[in-house]
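Colleague: I should like to learn how individual features of a model are read. May we go through some of them in turn?

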Amino acid sequence: MILTDTWCSSGQFLHDGTLLQTGGDLDGFKKIRKFDPCDINGSCDWVELDDVELSEGRWYASNQILPDGSVIIIGGRGANTVEYYPPRNGAVLFPFLSDVEDKQMDNLYPYVHLLPNGKLFVFANNKAVLFDHETNKVVKGYPPLDGGPRNYPSAGSSVMLALEGDYSTAVIVICGGAQYGAFIERSTDTPAHGSCGRIEATSPDPIWEMEDMPFGRIMGDMVMLPTGDALVINGAQAGTQGFEMASNPCLYPLLYRPGQPVGLRFMTLNPGTVPRLYHSTANLLPDGRVLVAGSNPHFFYKFEAEFPTELRIEAFSPEYLSPDRANLRPVIEEIPDTVRFGEAFDVFVSVTLPVVGLVEVNFASAPFATHSFSQGQRLVKLTITPSVPDSGNRYKIGCNAPPNGAVAPPGYYMVFAVNQGVPSVARWVQLVS
């Protein structure tokens, strides 16, 4: 039972699997809630913390778990500050958020990505900074991103691409958005734009590389798949975020393939039939599908409308789950329940067809997805040794766990074995220090 208003709140999973959920509207404005994992009998409920609350009310804020397992809470409507859970020293001014605010805000639900150097990439409106959460100081500014505002209410989306190799490089992608003014004018038919910017956030001299999606899109959800590709799904081709302020649903998902050259990265996939507009969501499932849910562009539930309140849920199956690839799909037979940072461990997988090349072992986080941005989303590709035949169609893969909490914060991860682009069903593994 939720006791206070969680409308347009934020959240993050803690290192022990507890969901930390912060803010909201009205009586939920300064609330901190937890949802602990169920016990074996399924007994569990929300707990609203009485001994601690947010230093500043948070509505449309973003959360990110940090290397030590604490959580930073950034921004929100009228809140140009950051604070932490567990609390540190109350709210700390973050002038960047007020600097990028415009007449329609456009600094809400900032895109926050924890880089493998331990700093935070924070993007709002059309600008980004590198933020040191230990000193609460901006240590670098990035070039502006062309194409207008990208955050709420202008409704783009963002991901950090898979971390791999020596984990020294992090690349951020930001796609789509509404034209400036569509929100102020309540214009439902202003075309969305389809431009995407990609930047190496860890580079000494970062620049944005631009390309276009096949469709203009607002309110698209970007979901990192176990393979390292990103799925763009849901949204509309005109209007802006807000109640009854979008039209022309974008029913076509896109696959973004980071390893392809500019101009060839986007592939259009099979369309859905259910419009997913304002208040939609998309989340990676352990079986490799993507759960798609939501769409309520009305202040209350409304079922007699052009775009009704949507209570159906769907699963989107990426191409890697097609029947002709079933023989390539690995099964994780053995994996530790818990691994420590930097620990070497073995994973045993079975595959119907003989393995050719490397079988990857990839850690996917459990993000908090809302308003077209998955807070805390990350995919980490482990350093591995080639698969060694064990017996029959079973193979042993030597793995090294992520080296530290900047690469992968402590917590529970879906661990996928990926064979020739086909992921296994994930096993949940807890990463601990």
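Modeller: The discussion below concerns a predicted model and takes up burial, surface patches and backbone geometry.

Colleague: Is Tyr278 buried or exposed?

Modeller: Buried means under 20% relative accessible area. Tyr278 has a value of 2%, and therefore counts as buried. Its place is in the loop between strand S22 (266–268) and strand S23 (280–284).

Colleague: Which residues does Tyr278 touch?

Modeller: Leaving aside residues up to four places away in sequence, the contacts of Tyr278 include Tyr60, Met219, Phe243, Pro297 and His371. Tyr152 is also among them, and a polar contact of 2.9 Å joins the side chains of Tyr152 and Tyr278.

Colleague: What kind of peptide bond joins Tyr152 and Pro153?

Modeller: In general, most peptide bonds are trans. The bond between Tyr152 and Pro153 is cis, with omega about 5°. Another cis bond links Tyr85 to Pro86, where omega is about -5°. Pro153 belongs to the loop between strands S12 (137–141) and S13 (157–160), and Pro86 to the loop between S7 (81–85) and S8 (92–93).

Colleague: Which sign does phi have at Asn248?

Modeller: Most residues other than glycine have a negative phi. Asn248, although not a glycine, has a positive phi of about 55°; this residue is found in strand S20. Gln420 also has a positive phi, about 50°, and is located in the loop between strands S36 and S37.

Colleague: Which residues form a nonpolar patch on the surface?

Modeller: Tyr301, Phe303 and Leu311 do so, with about 370 Å² of accessible area together. Leu311 counts as exposed because its relative accessibility is 55%, and exposed means over 50%.

Terms used:
Residues numbered from 1 in each chain as written. Predicted model: local features only at pLDDT ≥ 70, side-chain atom pairs only at ≥ 80, totals over all residues. Heavy atoms only, no water. Helix = DSSP H or I, 4+ residues; strand = E, 2+ residues; numbered from the N terminus. Buried < 20%, exposed > 50% of the residue type's maximum accessible area, 1.4 Å probe, protein only. Contact = heavy atoms within 4.5 Å. Polar contact = N/O pair within 3.5 Å; in protein donor to acceptor, adjacent residues only side chain to side chain. Patch = residues over 30% accessible without salt bridge, like charges linked within 9 Å, V, L, I, M, F, W, Y side chains within 5 Å. Areas by Shrake-Rupley, 256 points an atom, 1.4 Å probe, with all protein chains shown as cover. Salt bridge = Lys/Arg side-chain N within 4 Å of Asp/Glu carboxyl O.
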